Structure formats: structure tokens, C-alpha cells
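This report covers strand pairing and internal empty space in a single model. The sequence and coordinates are shown below.

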Amino acid sequence: MEFAGETNERLIISDISSTNQNLITDFQANDLTLLWFTGNGNYLTIDSVPYEFHKNQIICLTEFHKIEITAINAAQMIRFNRSFYCI
């Protein structure tokens with residue numbers, strides 16, 4: 001689901017899997033991202049530090065994080081920009 005408002009506010013909610021994991025790194029300036037891992041076996045490198053994420057772990061990412069995806073099994077992504085949360 002994607003919402004775009006009249007004042008450039010954006011909200012994106014997506015199921016993430018191995019087939020569309022590139023959505024995680026496809027962000028714009030002022031984007032904030034919440035990733036909720038809904039399965040085990042998720043591997044990301046964030047700012048040159050490798051991490052393994054398990055079911056029901058949540059992380060917050062900004063446009064300033066350098067993200068490399070090794071493997072995503074299952075996750076939910078919520079992404080919004082500053083215009084969305086600064087009313």
C-alpha cells in the first residue's frame with residue numbers, strides 16, 4: 001500500500017521477501033523505515049556491521065544508514081517521510 005498526499009507526505013506499507021527485498025534500500029531523502037521481521041533467517045549489514053534478525057524483531061532505519069542485504073526471509077516494512085509525521 002502506498003499513500004501520497006497533497007503536501008508531499010508519503011506512507012508505504014509492504015510485505016518484504018527475497019523477491020522484493022530491494023525495496024529496503026530504495027529510499028528517498030527524509031525517509032524513516034521500520035522493519036518488522038516476521039520470519040527467521042534475515043541477514044543485513046548496517047553501517048558495515050553484520051546482523052541476523054529473528055521473528056518479531058523490529059529495527060528503525062534512516063536515510064543515513066548504509067544497508068547491504070544478504071538475505072531477507074520475511075518482513076513487513078513501514079516507510080514514511082518527514083512530511084507525513086510532521087503535521
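S14 stands opposite M77 in β8. The model is a predicted one, and this pair belongs to the topic of how β8 is joined to its neighbours. Strand β2, residues 10-16, and strand β8, residues 75-81, run antiparallel and are joined by six bridges. Along β8, F80 is the bridge partner of L11. Strand β3 also runs antiparallel to β8, and seven bridges join these two strands. One residue that faces β8 in this way is T33, which stands opposite R79.

The residue pairs named so far are listed here.

| Residue | Opposite residue in β8 |
|---|---|
| L11 | F80 |
| S14 | M77 |
| T33 | R79 |

These pairings are part of an open sheet of five strands, with the order β1-β2-β8-β3-β6 and antiparallel pairing. β1 (2-4) and β6 stand at the edges with a single partner strand each, so one side of each has no neighbour in the sheet. On average, neighbouring strands of the sheet are turned by 15 degrees against each other, direction ignored. As for solvent exposure, β8 is mostly covered, with five of its seven residues buried. In a regular strand, side chains alternate between the two faces of the sheet.

T33 lies in strand β3. Is T33 buried or exposed? T33 has a relative accessibility of 4%, and because buried means under 20%, T33 counts as buried. Its contact with the opposite strand also involves side chains: the side chain of T33 makes a polar contact with the side chain of R79 at 2.8 Å.

T33 and R79 appear again in the lining of a cavity. Empty space of this kind is found by rolling a probe the size of a water molecule over the atoms. How many cavities of 30 Å³ or more does a search of the whole structure find? The search finds one. The largest cavity has a volume of about 30 Å³. Its lining consists of I24, F27, D31, T33, L61, T62, E63, I67 and R79. The elements that give two or more residues to this lining are β3 (31-37) and β6 (58-62). By residue class, the lining of the largest cavity divides into four nonpolar, two polar and three charged residues.

Terms used. Residues numbered from 1 in each chain as written. Predicted model: local features only at pLDDT ≥ 70, side-chain atom pairs only at ≥ 80, totals over all residues. Heavy atoms only, no water. 1 Å grid on protein atoms, 1.4 Å probe; cavity = no way out; pocket = protein on both sides within 12 Å on 5 of 7 lines; lining within 4 Å. Points joined across faces, edges and corners; volume = space filled by probe spheres on them. Helix = DSSP H or I, 4+ residues; strand = E, 2+ residues; numbered from the N terminus. Nonpolar A, V, L, I, M, F, W, Y, C, P; charged D, E, K, R; others polar. Pairing = 2+ DSSP bridges. Axes fitted to C-alpha atoms, helices over the stretch in contact; angles between N-to-C directions. Buried < 20%, exposed > 50% of the residue type's maximum accessible area, 1.4 Å probe, protein only. Polar contact = N/O pair within 3.5 Å; in protein donor to acceptor, adjacent residues only side chain to side chain.
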